[in-house]
Amino acid sequence: MALPALTANLALELAPIRVNLIAAGFVDTPLSASLLGDQLEARREELRAALPVRRVVGADDAAALATHIMDNDALTGATYDIDGGQQLLGR
């Protein structure tokens with residue numbers, strides 16, 4: 001994946017400007033609902049059953065992460081996964 005490496009390099013090049021990456025998996029939003037249509041609830045159930053957090057990631061989760069990254073000025077050059085642990089499943 002190229003974006004984490006780009007993020008790290010940009011953090012070095014643009015310092016003291018901070019650069020971080022939020023790598024989101026499926027986030028339950030109105031856009032997700034419009035894209036999945038009648039398959040939305042099936043996708044939600046699949047994620048609830050498979051994800052280690054046993055729930056679907058929502059927009060409020062992603063917003064909380066973004067706020068934390070912005071509030072903590074010691075964070076730079078990092079990639080933050082917010083996917084409920086999906087990357088741990090190897091899919």
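Which exposed residues sit on the face of α3 turned away from its buried side? They are A42 and A49, and we will come back to that helix once the overall layout is clear.

## Overall layout

A word of orientation before the tour: this is a predicted model. The protein has four helices and two strands, and from the N terminus on these elements follow the order α-β-α-α-α-β. Measuring tape in hand, so to speak, the C-alpha trace spans about 45 × 25 × 20 Å along its principal axes.

Of the 91 residues in the protein, 29% are buried. The accessible surface comes to about 6000 Å², and carbon and sulfur atoms hold 59% of that surface. Among the contacts with a separation of 6 or more, 67% link residues 24 or more positions apart. On the charge side, there are 7 positive and 12 negative charges, and their mean positions lie 6 Å apart.

## Helix α3 and its cover

Helix α3 covers residues 40-50, and its buried residues are L40, R44 and L47. Because these residues cover an arc of only 65 degrees around the axis, they are on the same side of α3. The face turned away from that buried side carries A42 and A49, both exposed.

What lies over the buried residues of α3? The cover includes α2, residues 30-36. One residue of α2 to look at is S32. S32 counts as buried because its relative accessibility is 12%, below the 20% cut-off. Setting aside neighbours within four places in sequence, S32 is in contact with F26, V27 and L40, and L40 is one of the buried residues of α3.

## F26, a loop residue with many partners

F26 belongs to the loop between β1 (21-24) and α2. Is F26 buried or exposed? With a relative accessibility of 17%, F26 counts as buried.

Not counting residues up to four places away in sequence, F26 touches S32, L36, L40, R43, L47, V56, V57 and Q86. Two of these partners, L40 and L47, are among the buried residues of α3. V56 is another of the partners; F26 and V56 are 30 residues apart in sequence, while their C-alpha atoms are 7.8 Å apart in space.

## D61 and R55

D61 is located in helix α4, residues 59-71. Why does D61 count as buried? The reason is its relative accessible area of 19%, since buried means under 20%.

The side chain of D61 makes a polar contact with the side chain of R55, at 2.9 Å. Beyond its neighbours within four places in sequence, D61 is in contact with R55, V56 and I82. V56 also appears among the residues touched by F26.

## N20 and the residues around it

N20 lies in the loop between α1 and β1, and at 23% relative accessibility it counts as partly exposed. Which backbone atoms pair with the side chain of N20? A polar atom of that side chain lies 3.1 Å from the backbone oxygen of L75, and the side chain also reaches the backbone nitrogen of G77 at 3.3 Å.

L75 and G77 are both on the contact list of N20, which, leaving aside neighbours within four places in sequence, reads T7, I69, L75, T76, G77, A78 and Y80. For a sense of distance, N20 and A62 are 42 residues apart in sequence and 14 Å apart in space, C-alpha to C-alpha.

## Backbone details worth a look

The loop between α1 (2-14) and β1 also holds P16. A cis peptide bond joins A15 and P16, with omega about 15 degrees.

In the loop between α3 and α4 you will find R54. R54 is not a glycine, yet its phi is positive, at about 60 degrees. With a relative accessible area of 52%, R54 is exposed.

## Toward the C terminus

L89 is placed in the segment after β2 (79-82), and at 34% relative accessibility it counts as partly exposed. Not counting residues up to four places away in sequence, L89 touches A50, L51 and P52. L89 and H68 are 21 residues apart in sequence, and their C-alpha atoms are 26 Å apart in space.

Terms used. Residues numbered from 1 in each chain as written. Predicted model: local features only at pLDDT ≥ 70, side-chain atom pairs only at ≥ 80, totals over all residues. Heavy atoms only, no water. Buried < 20%, exposed > 50% of the residue type's maximum accessible area, 1.4 Å probe, protein only. Contact = heavy atoms within 4.5 Å. Areas by Shrake-Rupley, 256 points an atom, 1.4 Å probe, with all protein chains shown as cover. Lys, Arg positive; Asp, Glu negative; His and termini not counted. Charge placed at Lys NZ, Arg CZ, Asp CG, Glu CD. Polar contact = N/O pair within 3.5 Å; in protein donor to acceptor, adjacent residues only side chain to side chain. Arc of directions from axis to C-beta.
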